[in-house]
Amino acid sequence: MKERNPTGESPEKKAAGIAAADLVQDGMVVGLGTGSTTAYTIAELGRRVDEGLDILAVVTSYQSEMLAIQTGITLTSLAEHPNLDIAIDGADQIDKGLNVIKGGGAAHTREKVVSRSAERFVVVADESKYSEQLNHYVPLEVLPYAKEYVSQQVCRIGGKPELRLAARKDGPVITDNGNFVIDASLGTIENPVVTAAILSQVAGVVEHGIFTNVDEVYIGKKDGSVEIMA
Ligand SMILES: O=C[C@H](O)[C@H](O)[C@H](O)COP(=O)(O)O
């Protein structure tokens, strides 16, 4: 499994993250995603807030909350603002139909709620995330009580479940919601909508990482340009 590197500089991620931040205008309520690419968006929005941009933001994780606080972005909640103007978030894989897999940072449950609450959902990524078809493992946030049951169900649909372990702690990753993550390798996902529906029906799965509600994808390239897929 690929190591996450949330602090390493990436010009491609930076280009995508900053380009998407340009979509945010005065008066908007913005959903802030999680991860190394969205971190550039948050930093850019913080810079513009210093210059007078007037926005409110809803975060999707402890990480994005801390980044938003550090950069001086005013936070609100879904309870106060259930309808967001835009949500900007990263992805682990993107296909040609704009279906994405998320949750490499175990934040996909809140990210999905925020993306569904937004009028416009924009994904930011570097070009390594693009694939003709989805074949990345699908993160499942799972009630600890249901770990074995969910693992069995993943096997029953032909997948391979792997409990995600913490990098610097003995034992599993615990999400911001207090749950486990099972990474389900399902091979090539021929029909993301169908696979998403199957995973949603497994009792004990709080949320899976397949997103089929993306409006646009901003892909940052090595030369600093950004391709917009819509
Ligand atoms: O749980 C984490 C999120 O879904 C991230 O947005 C996703 O893993 C992409 O992260 P990054 O931009 O660091 O590659």
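**From an exposed glycine to an enclosed strand**

Gly 187 is located in the loop that joins β9 (180-185) to α6 (192-200). The model in which this loop appears is a predicted one. Gly 187 has 12 other C-beta atoms within 10 Å, and because a residue with 12 or fewer such neighbours is classed as exposed, Gly 187 is exposed. A second position helps to place this loop in space: the C-alpha atom of Gly 187 is separated by 12 Å from that of Pro 161, a residue 26 positions away along the chain.

The wider frame is given by the domain assignment. The chain is divided into domain 1, made up of 11-131 + 212-229, and domain 2, which covers 138-208. Between the C-alpha centres of domain 1 and domain 2 there is a distance of 24 Å. Where the two meet, 13 residues of domain 1 are in contact with 13 residues of domain 2. On the side of domain 1 that touches domain 2, helix α4 (residues 108-117) contributes the largest share, namely four residues. By character, the residues on that side of domain 1 comprise seven polar, four nonpolar and two charged.

Strand β6 (residues 118-126) offers a contrast to the exposed loop position. Seven of the nine residues of β6 are buried, which means that the strand is largely enclosed by the rest of the structure. Two strands pair with β6. Strand β3 (residues 84-89) pairs with β6 in the parallel sense, over five bridges, and within this pairing Ile 88 has Val 122 of β6 as its bridge partner. Strand β12 (residues 216-220) likewise pairs with β6 in the parallel sense over five bridges. Here Val 122 stands opposite Glu 216 of β12. Val 122 is thus a point of reference for both pairings, with Ile 88 as its partner in one and Glu 216 opposite it in the other.

The ligand remains to be considered. There are 19 residues around the ligand, and those that come nearest are Gly 35, Gly 90, Lys 102, Gly 104 and Gly 105. Helices α2 (36-50) and α4 each supply at least two residues of this shell. The greatest contribution comes from α2, with three residues. Helix α4 therefore has two roles in this description, because the helix, as a DSSP run, supplies residues to the ligand shell and also to the side of domain 1 that touches domain 2. In composition, the shell around the ligand consists of eleven polar, four nonpolar and four charged residues.

Conventions:
Residues are numbered from 1 along each chain as its sequence is written. This is a predicted model: local features need pLDDT of at least 70, side-chain atom pairs count only at pLDDT 80 or more; totals for chains, interfaces and linings use all residues. A residue is buried if 20 or more other C-beta atoms lie within 10 Å of its own, exposed if 12 or fewer, and partly exposed in between; C-beta atoms are placed from the backbone. Two strands pair if DSSP finds at least two bridges between them. Domain bounds come from an automatic or database domain assignment. Two residues are in contact if their C-beta atoms, placed from the backbone, lie within 7 Å. Ala, Val, Leu, Ile, Met, Phe, Trp, Tyr, Cys and Pro count as nonpolar, Asp, Glu, Lys and Arg as charged, and the others, Gly among them, as polar. A residue is near a molecule or strand if its C-beta atom, placed from the backbone, lies within 6 Å of it.
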